Amino acid sequence: MTSVDALKYDVVVVGAGAAGMMCAIEAGKRGRKVLLLEKAQKCGQKILISGGGRCNFTNLLAAPEKFISDNPHFCKSALRQYTQSDFIALVEKHGIAFHEKKLGQLFCDESAKHIVKLLETECAEGGVTIWRGSGADMINKTDDGFSIYTGRQQIHSESLVIATGGLSIPKLGANDFAYRVARTFDLPLAPLRPGLVPFTFEPGDRERFADLTGVSADVKISIGKIQFRENLLFTHRGLSGPAILQISSFWQSGESIMIDFLPDIDLANLLKEKRQSQPKLKVSALLKEFLANRLAVAVLRNFDNLPEVGNLSNIIIQDLVKTIKLVKIIPSGTEGYAKAEVTVGGVSTAALYSKSMEVKSVPKLFFVGEAVDVTGFLGGYNFQWAWSSGFVAGQYA
Ligand code: FDA
């Protein structure tokens, strides 16, 4: 092989995250000569830190409804071509032990490292060349493919797959490469914003909830018709926990969120019933049965001299319901990309074929994974999108 041949590849995949590695594996299995370029010294950095180090690698309930996109139908084709069962079979093939934590979320029993090892092993079996510590700086379209410039050299490739992810966690090297490439080719972008991210309080709410730092509660949370039932956590800066992360992906600046701290209880009816059956019962005693102690104390601070349940007026009952079940909060903002698990928005699905992730206007150019305007709910859905979109591009690149 001459040195010139050595820099010619059938497929260059830029970014060795979940989507890029899956794509490289599949293209390699098809006999394509594949180069996987990774800017960092290690592949799969986000996989390694995901799921608290255990990687929530997919979800048994993965389905198109669990994804956010300007075009909610776009993800269907890839999710159908490579399902959660396909990835589970791969995990089983590599003998990686896993368990369902809750709500269909599958985690490694031991370490996320096993998932990266699986992907690296499959890359090696597919004959994929990996250059670590070698980022793509620039790309150009040529008559017969693409030129990719790294700090080291210029590479020529027939197909080019952009799998460089989104903007979340810049300290791991997250950057806007995918969006810059999209702009180079005049592709539309769906507006970007941090998703699966904690909220910050405005000063008044920070004071109002100051005593609750560290308290968690099972809540129903909503923005309009969008609703989640999960845990919420008060932090010293605002709100976090799965319920908040889920709803944050739908939140637009300035919008209010509604929180129900007693989602299983019709509080008005309960208080009215107790007014008859246990009139001497203290409201505080009743609330502490259902709410975390500190939360109950904080709620009751809004009411001076609450009478016993038997003497509660309908107006006070309404006020209690408002304070516990209809809590309205307007976050001042989010913790931003530094804390966001994902970037919502990205390369517009209108520019891509859903079957292959290929750019409609630029044959043999593909975008996969988080760079694309498809964002999963919390719970393993984002990795499933990475596997599915990477897989389909790997069949065509
Ligand atoms: P990803 O960002 O993973 O990979 C892109 C790669 O491209 C990186 O390795 C980057 O270094 C490289 N790159 C960037 N620019 C480059 C360039 N110019 N040249 C070469 N390489 C370049 N999801 C889930 O389903 N379950 C979970 O448990 C979690 N947990 C989780 C925790 C935390 C803290 C975060 C931040 C995120 C999660 N996620 C998650 C989300 C999940 O990590 C994310 O959706 C996927 O990693 C996206 O995969 P991609 O391959 O698209 O991008």
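These legends describe close-up views of a predicted model.

**View 1. Two domains make up the protein.** Domain 1 is built from two segments, 7-194 + 343-396. Domain 2 covers 198-335. The centres of domain 1 and domain 2, taken over C-alpha atoms, are 40 Å apart. Across the boundary, 8 residues of domain 1 are in contact with 11 residues of domain 2.

**View 2. A UniProt annotation spans residues 10-395.** The unreviewed entry labels this range "domain: RsdA/BaiN/AoA(So)-like Rossmann fold-like". Helix accounts for 31% of the chain over residues 10-395, and strand for 25%. The end C-alpha atoms of the range are 13 Å apart.

**View 3. The ligand is surrounded by 30 residues.** The closest are Glu38, Asn56, Ala136, Glu370 and Phe383. Asn56 places a backbone N or O atom 2.9 Å from a ligand nitrogen atom. Asn175 also lies 2.9 Å from a nitrogen atom of the ligand, but through a polar side-chain atom. For Gly51, a backbone N or O atom lies 3.2 Å from a ligand oxygen atom.

**View 4. The largest nonpolar core has 131 residues.** Those with the most contacts inside this core are Ile115, Phe234, Ile257, Ile259, Phe261, Phe367 and Trp387. Domain 1 (7-194 + 343-396) and domain 2 (198-335) each supply at least three residues to this core. In soluble globular proteins, nonpolar side chains tend to be buried together.

**View 5. Ile257 is one of the core residues with the most contacts inside the core.** Leaving aside residues up to four places away in sequence, Ile257 touches several other isoleucines: Ile221, Ile223, Ile244, Ile247 and Ile329. Phe199, Leu239, Trp251, Val327 and Pro331 also touch Ile257. So do Ser222 and Lys328.

**View 6. Glu230 sits in strand 14.** This strand runs over residues 226-234. Is Glu230 buried or exposed? Glu230 counts as buried because its relative accessibility is 8%, and the cut-off for buried is under 20%. The side chain of Glu230 makes a polar contact of 3.2 Å with the side chain of Gln246. What else does Glu230 touch, not counting residues up to four places away in sequence? Besides Gln246, the list holds Lys102, Leu103, Ala217, Asp218, Val219, Pro242 and Ala243.

Notes
Residues numbered from 1 in each chain as written. Predicted model: local features only at pLDDT ≥ 70, side-chain atom pairs only at ≥ 80, totals over all residues. Heavy atoms only, no water. UniProt positions renumbered as here; feature names shortened; annotations may be inferred. Helix = DSSP H or I, 4+ residues; strand = E, 2+ residues; numbered from the N terminus. Core = buried A, V, L, I, M, F, W, Y, C linked by side-chain atoms within 4.5 Å. Buried < 20%, exposed > 50% of the residue type's maximum accessible area, 1.4 Å probe, protein only. Domains from an automatic or database assignment. Contact = heavy atoms within 4.5 Å. Near = heavy atom within 4 Å. Polar contact = N/O pair within 3.5 Å; in protein donor to acceptor, adjacent residues only side chain to side chain.
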